[in-house]
Structures are given as C-alpha cells and as structure tokens.
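Trainee: Please take me on a close look at a single part, the second largest pocket, and then show me what lies around it and elsewhere. I would like each term explained as we reach it.

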Amino acid sequence: MQSVGFKVKPGSPYPHGAKLNDGGVNFSIFSRHAEEVELLLFKSVDCKEPFQTIQLHKDRNRTFFSWHVFVKHLPAGTWYTWRIKGPTDTRHSGLRFDPDKHLLDPWAKAVSDKHWDRTAACLPGNNGHCSMRSVVVDDHYNWEGDKPLAIRSEKAIIYELHVGGFTRHPSAEVTNPGTFLGLIEKIPYLKELGITHVELLPVMAFDEQDVPEHTAELGLENYWGYSTHSFFSPHPGYCSTPDQGTHQKEFRDLVKALHKAGIGVIMDVVFNHTSEAGADGPVINFKGIIGNSFYLIDKVDKSIFHDYTGCGNTVNANHPLVSRFIISCLEYWVRDMHVDGFRFDLASALSRSEDGTVLQDPPIVWGIELSELLAKTKLIAEAWDATGLYQVGCFPGYRWAEWNGIYRDVIRQFVRGDKGLIRDVATRICGSSDLYEHQHRLPISSINFVTCHDGFTLYDLFSYNEKHNLANGEHNRDGCNHNLSYNCGVEGETDNPEIQALRRKQVKNVFAILLLSQGVPMLLAGDEFLHTQHGNNNCYCQNNELTWLDWNKAEQNADMVRFVRLMIKLRKRHTALMRRHFFSGKKLKNRDIADITWSGLQPGETPDWHDHDSQLLAFTVAALDPKEPDVHIVINMSEHQHSATLPDIDGRIWNLSVDTSLPSPHEIIPRAEQTPINETQYYINARSVVVFENSIIETGAEG
C-alpha cells in the first residue's frame, strides 16, 4: 500500500528520469523485466527512512517497458531512489534483480554519494542507509544568451585538466577549492595562457571508492574519475553545495564563464564501462534495472561479464536501448549544458558487437556522428581499448578526431635523442597524412599530444627513466612501462644546474614542436610550469598534493609559462600553422613558393630521409596570406651544433623568433620586438628548436 503523503496519478513514460513541472514531478524508469517497482522519497540526503514509498502497478503505471508515476505538488529538492523486483538467474538470463537494493535513477540530473558504501552495494540486501540517492532538480537557468562556441578545429588549442586537482592545492587561493566554482576563479590564467578549450577529465558523477582493495586500505580513492555511474549528473565532489542539489547550476556557471572568456568546454566521457564492475561488483543502477542488456555478457554463461576495458565490464553500446541512452545523454550535455565537445575514453570499445567482435560500422559511433544536435560538437576518440584493439588512423566515422598515440611516441623518441626518425617526425609534424589523408580526413583528425593525465608529466618525462608508482599500493606493477622517457643523466630530482637546464630546454623543445605541428595540439595542465608527480605515471588514485597543481611553481617557473604563452601566440598569428588541409608540396597560387619546402642545412639540399643517424629537420612553411610572414624551422636533436643557411625569399628578411638553447627571456621573442638577422647563417645549437619569421621589406615588420 502507498503510505500517506503526496497524491499520485499514472504519469507518462517520457521523459525518463524525474521531470519537474508546475503541477509536480513525473518519474519514469525503463526496466523490461521488472515485476514490481517502488519509488522511495526522502526529505533530505541525510534522512534514513523515506517519508513516502510509492508502489507502481503494472496496469496503470507501465507503458511497454517504462514504469512511470506523477507525484502531485512534489517540490524540487526531494531525494529519491528506486527498488525493483524481478527474476534473478544470472547464469541463464543475466538478470540480477534485488528487491531490497536502493537504485539510482540512470537519468538523474543530480546525485549524492554522501553516505555511499560500495562494499554494501556488492552484497545482497537492503542498503538504503548507505546507498547513493538522486534528487529532483529545477532545471530553469538564465544562460544570458550563451551558446556553445563554434571555434574551428584547426584553430583549437586544447588544455587537459582535472577539475579537482586544478584548484585543490592551498596555493590556488580560491574560495571553493577543487570545484567547478573554484575553476571559474582561474579563468583569467587560462585566458592569458591562450588556450581555446579545456578538456575536463571525467565530471559525470563517478564512484570515488572504486579502487582495488589494497589501494583503498592505504586511504586512496578513485581520483581521475573513470568510473561513471550517473551519466546525466555532474560529479557531486566538484560541487560546493551538493546536498542542495546545485550540480546543474554550478556546472552551467562554469560553462557560461568559460564561454564569456572565449574558451570552449570538452568533456572526457566514459561510455565504455561503468563503476558497477563485474559479477562481484556493486549494484548501483544498471545491474538492478536492465543489467542483461546494458553490458556485454557471455552468451552461454550469462553471469560472466566480458571485459575489454580493464574495469570489470564493457557497456553494450550497440544495443538499441543503450545506444539511444548514450546519444540522448550526449545531446543533453550539448542542448541543456552547452558543452562544446567530447573526448571518448577507450572509444574503440564502442565498436564492439554483443559477442565482442569488432564492427566495421558500429551503429553507436555513426549515430553520434549523424546526430543533428551534435553536428557542431567536437568528437574525439581515444582510439583503442584495453585488450589490444588499436584504431588510430582507422577509427570508424568521418568527422571524429583521434588522440594520436603515434605522434606522442615518435616525438618522445625524437626529443630524447633517438636517431633515424626524421621521416616519421616530418610526417607527424605535417598532420599524420599517412593515417588520415587516404580516408579523405583532415589534419584536424589528429589530436597531437606528448603528455596527458595518463603517464608522466612533461617535466617527469625528462627526469625519470622508470616509473615510481609504489605509493599506489600495487608494488609498482601498475602503470605503463613503455614511457620513452629520458632522465637527462640522473633519476629524479637533482641540484646539478646543467641537468636542470637541459630538462627545462627539453620541455621547451616539446612545447615548440607540438605548437608548430599541423593538427590540434593538446597540452597537459601544469606542464607549462613544470608540475611533477615524482615519477608516478599512474596517479589515478592520488587525490593529494602529489597530483594537485602547486601554483607556487607557476611563479617559480614564470619563464616557462611565458614561453608557452608566447608559443601559443606564435601559432595563432600563422594561419599556415593551422591548416585545414594537408600540405601538397606545390607552389601557392598567389606566390612563387611551395606551401612547404624541406631542406638540409643549406637551401636546395634535399633531406636524406633514410639517414639512420640524422637528428635534424629544416623546413619552410609558406604563409597562406601574402601579408603574413613565412616561418622557417630548424629542429636539431643531436648532441652537436650545426650551421644553417636561411632560405632566400624575394622581398623578405628573416627575424629570429625562437631559439630554445638561449636563456630566458631570449629564447622566444615577441613579434613586435623582433629585429632582422643580417647574416644568412645561423648556428643551431645541440638539442634545440629554432624558428624564424620573416618580414616584408617594403612594409617592414608587422606589430
């Protein structure tokens, strides 16, 4: 029987979730095999018992597979869970209903994990006192005319950051550290740096308790957030007042503020697995509602979860119901939250069929690409999964960009001093045409990066030869062993000034190459001021000062921040460095010069692309607009100095712009301060990147 409380009527199957209107709240949940469904209402997130339990009836509260009820005059701020009774036969049907388990609404717009106990959710029985809960939200919001930004991809410069770690360190000096609102206070820094987009590590609600048992015993938690459970809800841990259900407003405030600064928002999303893990994992929502459809399970023994993600389960993304859920979710974040793009974690897992085989044209991937609402949204794939499927250069779909892991590896090897790579390096700098051009894709298909959240920071890349992950509690077995790093002669910290100087120069070399490459550059937050994780290359569980950005370093290494800021400015003033189409090597229509000209140390020399000892590249990138300067670039990763002759371009004179071998502030010169080089020769020092910009003699240098 229904307890005394708010009056109800049958309600509507759509929309799913909890929808507030003037007369009350409509609740709807999809559960194909449910036999009995209960909605439990709580006055606050802390109440131990519901103030009303509503029993739904098949004859009036069910339409096809949707269970629904309308609660009259129910206000926003009401917390709720579901209980569902149905068959449990994990081996033969894959169903695992538990009528005592409190379940989260998969469509909830805001959730709380304040009293969450993951262990209790792994065991059968009532977990109402320690379950997660959803809250009814009033989603009205004054966007003040805001819309998703329409920054062309070739002009994009992405900055990957962790919302919590970006401002949680005391040195951040923000009012609400570790939150969406805290990040708003750092927008002036981001704007001055010059990036165009932030790529936020997972901000959909995730399970902070989802770590191995021995890691949890050390007091560590899931920090990165690749353990989503509620795909429509911002993470409560990044909200300043989550108990008040302010998730939507706080995230929208962040997006609106970033857009006002001209910065787009890309969300790192995890649709390849959920925090419910495998057969022994917790029942949070999907397992207790539609578990046999939502995950890839064995066709013979349906209690077995197929795991292509390394996280215990794999989402059955190409099931019609699941596909619709994912696309609806993405459309919600664009339509209602004004997000500008998505980066898909382990995106190759989305191309698997129900039996795990790889589909040539996976419906979910094409469904995302062809969604009209997502037509202007940036789509970025991490084009591999955890079991060896590697699709860099061949991810299904046309307008998807890809994290270019090949670019990362080649540039790491080249900068650390490996020989015989100039052909590969040239291809990567030119936008990886070998991967994309034959498919009629573009340089913007390549997201170029050298570091990201997963692996060494850029400073650590030149400070450690080996990973140092003992703090994670897994005896240094976790994390990648293939780091392609170089410690410059000493493992870890050192007082040796020569090694310190070399490390700083190597960091500048990477930034220079990255920002001179065709494609879309992605920077890791903190790399610009030498953030270190002391050799830990897998900080997924380190929510502490090991990962939090120490903003004192931004002041201590102000020369590094200046270098990156001016390199970004250099890139932005050259449309030829942000081409939408690949180089042809042919002369431009309006000038007697090719779009790109490769040379040796002397003009007219042809590089020996098969020289296995070569560590030097020289090339000229011609301006697309005759009024813009050309760029001549020499990259020398050898241990020797070389003399280079500058190319002769009629009517133009060269200015030195960048020389990473010089001390700050001389290593990069703002355009307005550049002066002509009178000699035709320039010495390229060991392990350095040198850039020249020219000026039109008739008009003089442009400011």
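**The second largest pocket and its surroundings**

Mentor: The lining of the second largest pocket, sorted by class, consists of 19 nonpolar, five polar and seven charged residues. In this sorting Ala, Val, Leu, Ile, Met, Phe, Trp, Tyr, Cys and Pro count as nonpolar, Asp, Glu, Lys and Arg count as charged, and the others, Gly among them, count as polar. What you are looking at is a predicted model, in which local features need pLDDT of at least 70 and side-chain atom pairs count only at pLDDT 80 or more, while totals for chains, interfaces and linings use all residues. Residues are numbered from 1 along each chain as its sequence is written, and side-chain values use heavy atoms, with hydrogens and water left out.

The word "pocket" rests on a 1 Å grid over the protein atoms alone: a pocket is an open set of points with protein on both sides within 12 Å along at least five of seven lines, a cavity is a set where a 1.4 Å probe fits but cannot get out, and lining residues have an atom within 4 Å of a point. Grid points are joined across faces, edges and corners, and a volume is the space filled by probe spheres set on the points. By this reckoning the second largest pocket holds about 610 Å³ of space. Its lining is made by 31 residues, and those nearest its centre are Tyr-14, Pro-15, His-16, Trp-107 and Ser-328.

Two of these central residues deserve a pause, since Tyr-14 and Pro-15 are joined by a cis peptide bond with omega of about -5°. Most peptide bonds are trans. Pro-15 belongs to the loop between strand E1 (8-9) and strand E2.

Among the elements that each give at least two residues to the lining of this pocket are strand E2 (17-21), helix H8 (286-294) and helix H9 (320-335); here helices (H or I, at least four residues) and strands (E, at least two) are DSSP runs numbered from the N terminus. The largest share of that lining comes from H9, which provides eight residues.

From H9 we can step to a neighbouring helix, H10 (residues 363-370), whose buried residues are Ile-364, Val-365, Ile-368 and Glu-369. Seen down the axis of H10, these residues fall within an arc of 135°, so they line one face of the helix, the arc being that of the directions from the helix axis to the C-beta atoms. Buried means under 20% relative accessible area, exposed over 50%, and partly exposed in between, with a 1.4 Å probe and protein chains only. The buried residues of H10 pack against H9, strand E18 (341-344) and strand E19 (378-381), where contact means heavy atoms within 4.5 Å.

For comparison, the largest pocket holds about 1400 Å³ of space. Of the 49 residues in its lining, Trp-224, Thr-309, Gly-310, Cys-311 and Asn-538 are the closest to its centre. Helix H2 (118-122), helix H6 (213-216) and helix H11 (405-416) each supply at least two residues of this lining, and the lining as a whole divides into 20 nonpolar, 15 polar and 14 charged residues.

Turning to enclosed space, the structure has five cavities of 30 Å³ or more. The largest cavity contains about 200 Å³ and has 18 lining residues, with His-162, His-453, Leu-524, Gln-533 and Thr-547 nearest its centre. Strand E13 (158-161) and helix H3 (163-167) are the elements that give two or more residues to that lining, which by class has ten nonpolar, seven polar and one charged. The second largest cavity has a volume of about 50 Å³, and its lining divides into eight nonpolar, one polar and one charged. Among the residues that line this second cavity is Leu-524, while helix H15 (497-516) and strand E22 (520-524) each supply at least two.

Finally, consider how far the model can be read. The mean pLDDT of the protein chain is 96, and 99% of its residues reach 70 or more, pLDDT being the predictor's confidence in each residue, from 0 to 100. Over residues 699-703, however, the pLDDT is below 50, and this stretch has six contacts in the model beyond near neighbours in sequence. Where pLDDT is low, the predicted coordinates should not be read in detail.
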